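User: I am new to this structure and would like the terms explained as they come up. Please set each value against its definition.

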Amino acid sequence: MESAHDWHGAKALLEWHIELGAVDAIGDAPVDRYTLEPRQSKPEEKPLSQPGARPAKPTAAPQTDYVALAKQAAAAAGDLAALHAAIAAFEGCELKRGARNTVFCDGNPAARVMIIGEAPGRDEDIEGKPFIGRAGQLLDRMFAAIGMSRGATQSKDAIYITNVMPWRPPNNRDPSAEEIAMMVPFLERHVQLVAPDLLVLMGNTPCQTVLGRKGIVKIRGNWDDAWGKPVMPMAHPAYLLRNPAAKREAWADLLAIQSKLRGLS
Ligand code: URA
């Protein structure tokens, strides 16, 4: 059982690491190296098989089908609160073990526009909300330029934001195909429950996840359809921060979104 002593000891150790300059977890999941088995110096000797005996079949441990579990859990979620709880309870994805928070959403669930990003970064992991770091602040300014915000109470002016991955990958690496495959059922259910008029995909990861293709520099600005919605791929705001010249195209994409919304209403 965990004692208060263990807890305070672990906290002091963590603070000491931070004082030494550690800023980030580098593995997908914490590893308690004290509990690792000592290495075997010699491989175990196998009994000799009898002449003519059939070689024993290797016994594979049964694998859990986390994609199937994710599909079941997502389908059973009847509303956003239930979906949030189902994601937070999902144990299939290793990223969860290294994350501080499950980052589910921000904005108005009645919004006409649902924005899908990649995964939380450091700030989002700490705060538990998507797109609140520098890239998120740019995203807010971009949508403010067409009169939309996450704080708006009227659905016509509101945006709703989520990510493909609810947990921060260590060192902000790209999520793997397996990690994404487990979380797609939750994302698709998320889109069903919010039922926006259109989706905006920020960068390559959501394009690959929702449209099955990437190459954002080429596909941005071109309307597509997925999951029963019009979809606009856009350059990720973090890319725009590094490539300010691409903001002109992002502005054109925002105007295309505004005009699509007018056409749909
Ligand atoms: N980048 C993303 O794609 N999502 C966030 O929440 C933050 C940064």
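User: Which helix gives the most to the lining of the second largest pocket?

Analyst: α10 does, with four residues. The model is predicted: local features need pLDDT of at least 70 and side-chain atom pairs pLDDT 80 or more, while totals for chains, interfaces and linings use all residues. Residues are numbered from 1 along each chain as its sequence is written, and side-chain values use heavy atoms, leaving out hydrogens and water.

User: What makes α10 a helix, and what makes a residue part of a pocket lining?

Analyst: A helix is a DSSP run of H or I with at least four residues (a strand is E, at least two), numbered from the N terminus. A pocket is an open set of points on a 1 Å grid over the protein atoms alone, with protein on both sides within 12 Å along at least five of seven lines; a lining residue has an atom within 4 Å of a point. The second largest pocket has 27 lining residues, with Glu 118, Ala 119, Ala 135, His 236 and Ala 238 nearest its centre. Two or more of its lining residues come from each of α5 (122-127), α6 (134-144) and α10 (237-242).

User: How do you know that the ligand sits in this pocket?

Analyst: The ligand is assigned to the second largest pocket because more than half of its atoms lie within 2 Å of the pocket's grid points.

User: Why is Asn 163 called a polar contact of the ligand?

Analyst: A polar contact is a pair of N or O atoms within 3.5 Å. A polar side-chain atom of Asn 163 is 2.8 Å from a ligand nitrogen, so the pair qualifies. His 236 also has a polar side-chain atom 2.8 Å away, from a ligand oxygen. For Glu 118, a backbone N or O atom lies 2.7 Å from a ligand oxygen. The protein covers 90% of the 240 Å² of accessible area that the ligand has on its own (Shrake-Rupley method, 1.4 Å probe).

User: What makes the space lined by Ile 87 and Val 103 a cavity?

Analyst: In a cavity, a 1.4 Å probe fits but cannot get out. The search finds one cavity of 30 Å³ or more. About 70 Å³ lies in the largest cavity, a volume being the space filled by probe spheres set on the grid points, which are joined across faces, edges and corners. Its lining also includes Asn 163, and α7 (177-194) is one of the elements that supply at least two residues. α7 gives the most, with four.

Terms used. A polar contact is a pair of N or O atoms within 3.5 Å; within protein, one must be able to donate a hydrogen and the other to accept it, and residues adjacent in sequence count only if both atoms are side-chain atoms.
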